[in-house]
Amino acid sequence: MIRFDEVSKFYAGNPRPALNGVTLEILKGEFVFLVGASGSGKSSFLRLVLKEEKPSKGQIHVLGQRLGTLSSRKVPYFRRNLGVVFQDFRLLPQKSVFDNVAFTLQVIGKSRGYIQEAVPDVLKMVGLAGKAQRLPHELSGGEQQRVAIARAIVNRPAILLADEPTGNLDPSTSAGIMTLLDRINASGTTVLMATHDAGIVDQMQRRVIELSGGNIIRDERSGGYQTQAVPIQQVGQEGAQPRVQGVPTQTVPAPRLDPESVAQQSVPEWGADK
Amino acid sequence: MRLRLVLSEVGSGLKRNLSMVISVVLVTFISLTFVGTAALLQLQINQMKGYWYDRAQVAVYLCTDTDTTGNCTGAKATTAQKDQVEAQLQSSTLKPYIQKSYFETQQDAYDRFKKQFADSPATEFVQPSYLNETFWVNLKDPSQSDILIESLSNQAGVQSVVDQRGYLQPIFSVLNAASYTAIGIAVLMLIAAVLLIATTIRLSAFSRRRELGIMRLVGASNRFIQTPFILEGVIAALVGSVLAGGAMILIVKVFVRGYLAENFASTPFVTMGDTYVVVPLLIVIGAALAALSAGVAIRRYLKV
């Protein structure tokens with residue numbers, strides 16, 4: 001579904017890579033959390049999947065397409081298979097809920113009949129039936145994010161990318177959004193979610209990929225926001241028990257795990273995380 | 001469905017940027033008016049050249065009693081000398097270039113002089129003997145007058161050989177200068193128009209950047225994204241070029257045909273037919289330039 005082969009990303013004027021030789025594979029139907037401090041490369045990762053950026057090195061395959069060879073003319077058609085949700089919702093303020101969702105379908109040339117059928121369906125699925133004619137500013141944050149999710153999935157994408165979708169929401173609203181994402185995942189959509197919300201990650205117990213300084217330092221099949229699985233973290237942080245609920249069942253060590261660099265990078269982060 | 005969506009986007013874009021759109025209209029209007037004027041001036045010059053050069057003759061002036069210029073020695077050209085010049089004109093070397101030639105006596109020249117300068121006091125004291133006897137020569141190709149000048153200038157009894165086209169040259173120089181000035185101004189104004197259209201489109205795109213961002217995110221094709229903006233630029237420029245076309249028609253109809261052609265009947269002027277060729281050209285230029293600059297301006301927003 002998504003495969004990164006030794007992908008590095010450098011931004012101009014910054015000698016430190018945003019991603020440093022990342023190799024990983026995300027399979028169809030998986031629900032993956034992407035965690036790590038700010039600047040660890042999560043957003044770069046998502047932008048690379050979307051082909052908003054080109055990797056400096058390495059190959060990216062998404063949905064069986066090699067992104068490096070995808071011509072810019074075909075990028076729009078490629079993106080129709082991806083849904084994206086952001087922390088700040090990015091709704092069009094002057095359009096109603098219905099029109100916001102319909103806009104996606106209109107601009108990719110769907111027929112009016114299809115739109116009239118698909119939009120109410122998806123609004124019902126995200127729990128906004130009956131609010132189709134509201135304007136975004138008349139809705140709560142959670143409802144606005146539901147509109148954004150509806151817009152992202154109305155075209156039935158194979159992959160849903162979510163960049164801190166609960167970052168602006170309170171815990172109980174976040175839980176509602178996660179239930180929705182879980183349901184979307186259950187219907188077969190691969191979900192890749194970057195987040196800082198430890199509670200959500202701990203509760204969901206899904207695959208967790210942790211990035212630090214552009215490196216994957218953890219890739220757990222079913223883990224929490226922090227974990228005991230990497231021993232070096234406990235050594236560096238005595239007495240600070242990671243907030244893991246439930247013992248991880250299986251641990252996939254990151255391929256480029258380098259204990260020294262992990263120790264250097266993770267110690268201040270744990271401290272900051274409290 | 002999509003066409004309606006595109007058109008409504010165009011409409012809202014034009015409304016939102018009305019002041020910029022008006023300035024685009026005015027600048028294209030003025031610049032294309034200059035382009036049209038330059039084109040019509042060139043047509044006018046060509047037409048006048050064709051008309052006058054066909055009528056321009058080469059004059060072979062013969063000596064009079066008082067002439068000491070050229071080959072003259074203050075004596076009137078003799079009959080033998082006249083015959084020699086005539087023989088030259090009829091010779092096999094010059095004959096192929098000559099359409100027709102005729103001889104004008106001093107009395108003929110005097111009559112013509114009196115008629116031409118009827119109002120001038122000069123007619124009072126000019127005598128027929130002051131005027132040159134002349135061979136008037138019409139050439140098949142007016143630009144080959146050099147041949148005639150070279151072969152006849154040194155003949156005895158010939159005062160000078162003059163190509164009348166020389167008298168027209170200053171007129172054409174002035175017209176040419178006017179036309180080049182118009183072209184220069186037109187080019188400057190067109191640059192301004194192109195930049196203004198690009199700025200307008202950027203502004204329009206900027207005010208719609210949320211929509212553009214979402215369109216790109218959900219996979220709207222590049223063509224779908226850029227079409228409304230290009231149409232916006234083209235429509236504004238089209239209004240300007242139609243105005244310029246109208247101005248051209250008005251200028252030619254009222255000033256050239258209505259005033260110049262009435263008052264200077266002997267000179268050919270550009271016709272309405274010429275204008276109807278220039279006007280569509282203006283409109284095409286306006287639309288093409290607008291499409292080009294809008295297309296370039298919007299490209300930045302399509303980068304993926």
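In this predicted model, the largest cavity is lined by A:Arg79, A:Arg80, A:Leu82, A:Gly83, A:Val84, A:Thr104, A:Arg151, A:Ala152, A:Asn155, B:Leu217 and B:Val218, and a reader who looks for these residues in the structure will find that the list names residues of chain A and of chain B. The volume of this largest cavity is about 120 Å³, and the structure holds six cavities of 30 Å³ or more.

It helps to ask which elements the lining comes from. At least two lining residues each are supplied by strand S6 (82–86) and helix H5 (141–153) of chain A, and also by helix H8 (209–218) of chain B, while the largest share, three residues, belongs to S6(A). Sorted by kind, the lining of the largest cavity has five nonpolar, three polar and three charged residues.

From the cavity we can turn to the contact between the two chains, to which chain A gives 25 residues and chain B gives 17 residues. The area buried between chain B and chain A is about 2,000 Å², and carbon and sulfur atoms give 63% of that area. Between these chains the count of salt bridges is zero, whereas four residue pairs in polar contact, both residues at pLDDT 80 or more, are found across the interface.

On the side of chain B that touches chain A, two or more residues come from each of helix H1 (2–16), H8 and helix H9 (222–263) of chain B, and the largest share of that side, seven residues, is given by H8(B). The residues on this side of chain B divide into nine nonpolar, five charged and three polar.

Terms used
Residues numbered from 1 in each chain as written. Chains lettered and ligands numbered in written order. Predicted model: local features only at pLDDT ≥ 70, side-chain atom pairs only at ≥ 80, totals over all residues. Heavy atoms only, no water. 1 Å grid on protein atoms, 1.4 Å probe; cavity = no way out; pocket = protein on both sides within 12 Å on 5 of 7 lines; lining within 4 Å. Points joined across faces, edges and corners; volume = space filled by probe spheres on them. Helix = DSSP H or I, 4+ residues; strand = E, 2+ residues; numbered from the N terminus. Nonpolar A, V, L, I, M, F, W, Y, C, P; charged D, E, K, R; others polar. Contact = heavy atoms within 4.5 Å. Buried area = accessible area lost by both parts, 1.4 Å probe. Salt bridge = Lys/Arg side-chain N within 4 Å of Asp/Glu carboxyl O. Polar contact = N/O pair within 3.5 Å; in protein donor to acceptor, adjacent residues only side chain to side chain.
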